[in-house]
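Hi everyone, thanks for coming. Let me put today's structure on the screen.

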Number of protein chains: 2
Amino acid sequence: MKLFNKVAIVGTGLIGGSMALEMKKRRLARQIIGVSRHKSTLIWAKKRRIIDKGSQDLSIIRDADLVVLATPVNTILKSAGIIAKLIRQDCIVTDVGSTKKEIVDKLSKIFPNYIGSHPLAGSERRGIANIDMDMFKESLCVLTPTKDTSPRALKRIKSLWAQLGARVVLLNPGTHDKILSFVSHLPHAVAFTLIDAVPDKYLRFTANGLKDTTRIASSDSRLWADIFLSNRRNMLEAIESFQGKLSRIKSAISRKDEKALIAILKRAKGKKENLR
Amino acid sequence: MKLFNKVAIVGTGLIGGSMALEMKKRRLARQIIGVSRHKSTLIWAKKRRIIDKGSQDLSIIRDADLVVLATPVNTILKSAGIIAKLIRQDCIVTDVGSTKKEIVDKLSKIFPNYIGSHPLAGSERRGIANIDMDMFKESLCVLTPTKDTSPRALKRIKSLWAQLGARVVLLNPGTHDKILSFVSHLPHAVAFTLIDAVPDKYLRFTANGLKDTTRIASSDSRLWADIFLSNRRNMLEAIESFQGKLSRIKSAISRKDEKALIAILKRAKGKKENLR
């Protein structure tokens, strides 16, 4: 049996496009509709049978039993009201935004069958042309139910992500944003800062270390400005924590304290090695 | 014709071992001698014919016409005096240390035919077991001659690195250290700091961004403490520059200045894209 009848994906970029592709592959929906600002994206996706129908006009999502909001955080917040007027009462709605508190607060008031998702997948590249097979396989997907979340929405969206290959974890939206500020948003801020700090004339001496450390600084600027601002309070705390740790390394270098320096680096290395 | 007759590599780790391997492959030396603290390393290297002879005792380097110092920065500084007593006057000496000012200052006083090298190759892994074919191919190798450098040493070492596949660039030692503080040492300090800042209990939510950004935090702690301290003044300046840039991002987030934030991130992304 199909999990959904008509799925509408609003924002067929890297994540939205990958969801369409994986749902098609696994025959999880009878019909997949794509909405994009870009006509070329829709033509591309239709040609490859990733979506069945596409439109730049939101009204195409009428009668969907699942709507996935896969636009940048800011656009999710702005378009929710319009979308609510188009869909049926029993339509399940989820989003894939990188921050959750602000979005869940707003969307759970607007949609009766809403639950927030955040698949920890994707890359610094954007757009449907960069989608990969098995984007979600063995990745983590955080769902952020609240006490008001409809059990039906939770159950169906949990099943959806599980069938796309993700390991599903439930967190409350605030905890999600706190964690993500450290494991994702701070690393982005640091990568942007690091490349910004290197004088232009030195860039041709770049070795692999700097390349890897700043890979995610190729990420979209507007998208990440949005994320930082949407997770503002946690971001400020994460940056402060980072600043404190950097000051300690700096101070150890400044006072030539080899022992303290080695101890700090060793602890960091140990944590890094636990990541694998 | 062979470039060298007897080459002694002191410290047959990732870089020293790779040099031996590449010199063997290209038949650049009649004989390659390895010196290591670890007997197992020497046995491993001899078995694979990467070196012809190995010893834990430095006296094996007698009669070499090239000595390569490939130990950590600190050990290079400590062992130079002993090595000077063992070798011939006309022996060419180079090192592959990641900082140059302190090393060149000391070694050019001790060895009449010395020139500093720094191949921008290698990885967060250490040891001869991690050597790769063509480690130096298309990589950059900085040589740091001074006004006192013997033209013969410069010519021969330049030719050596070119034959190992590296693009050779000449910089004075101070300029080298200044540049490297930004393109290599700062990224390491930042990677160590970043992983240190992430609370342990959040580590299981790590996505690819944090993994890449902190790859080099797996680097050896003692080795990097050495490098930071040997390039102390530049490191402090590079960290300060980074701190200033991070404060600007933080301040834009704090005052919800989306426009300023996008402008900063966009500039960073532009620089990152020029790296490729």
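I'll start with a sheet and then turn to the two chains.

A word on conventions: this is a predicted model, where local features need pLDDT of at least 70, side-chain atom pairs count only at pLDDT 80 or more, and totals for chains, interfaces and linings use all residues. Residues are numbered from 1 along each chain as its sequence is written, chains are lettered from A and ligands numbered from 1 in the order in which they are written, and side-chain values use heavy atoms, leaving out hydrogens and water.

In chain B there is an open sheet of eight strands with mixed pairing, ordered β3-β2-β1-β4-β5-β6-β7-β8. Its edge strands, each pairing on one side only, are β3 (53-55) and β8 (167-170) of chain B. From one strand to the next, the twist averages 25°. Helices (H or I, at least four residues) and strands (E, at least two) are DSSP runs, numbered from the N terminus, and two strands pair if DSSP finds at least two bridges between them.

Now look at β5 (residues 92-95) and β6 (residues 114-119) of chain B, which pair in the parallel sense over three bridges. There, Val93(B) has Tyr114(B) in β6(B) as its bridge partner.

What about the two copies? Chain B lies on chain A with an RMSD of 0.0 Å after a turn of 180° and a shift of 0.0 Å along the axis, superposed by least squares on the C-alpha atoms of residues with pLDDT of at least 70 in both. The copies are therefore related as by a two-fold rotation axis. Of chain B's residues, Thr213(B) comes closest to that axis, at 2.0 Å (C-alpha).

Notes:
Axes fitted to C-alpha atoms, helices over the stretch in contact; angles between N-to-C directions.
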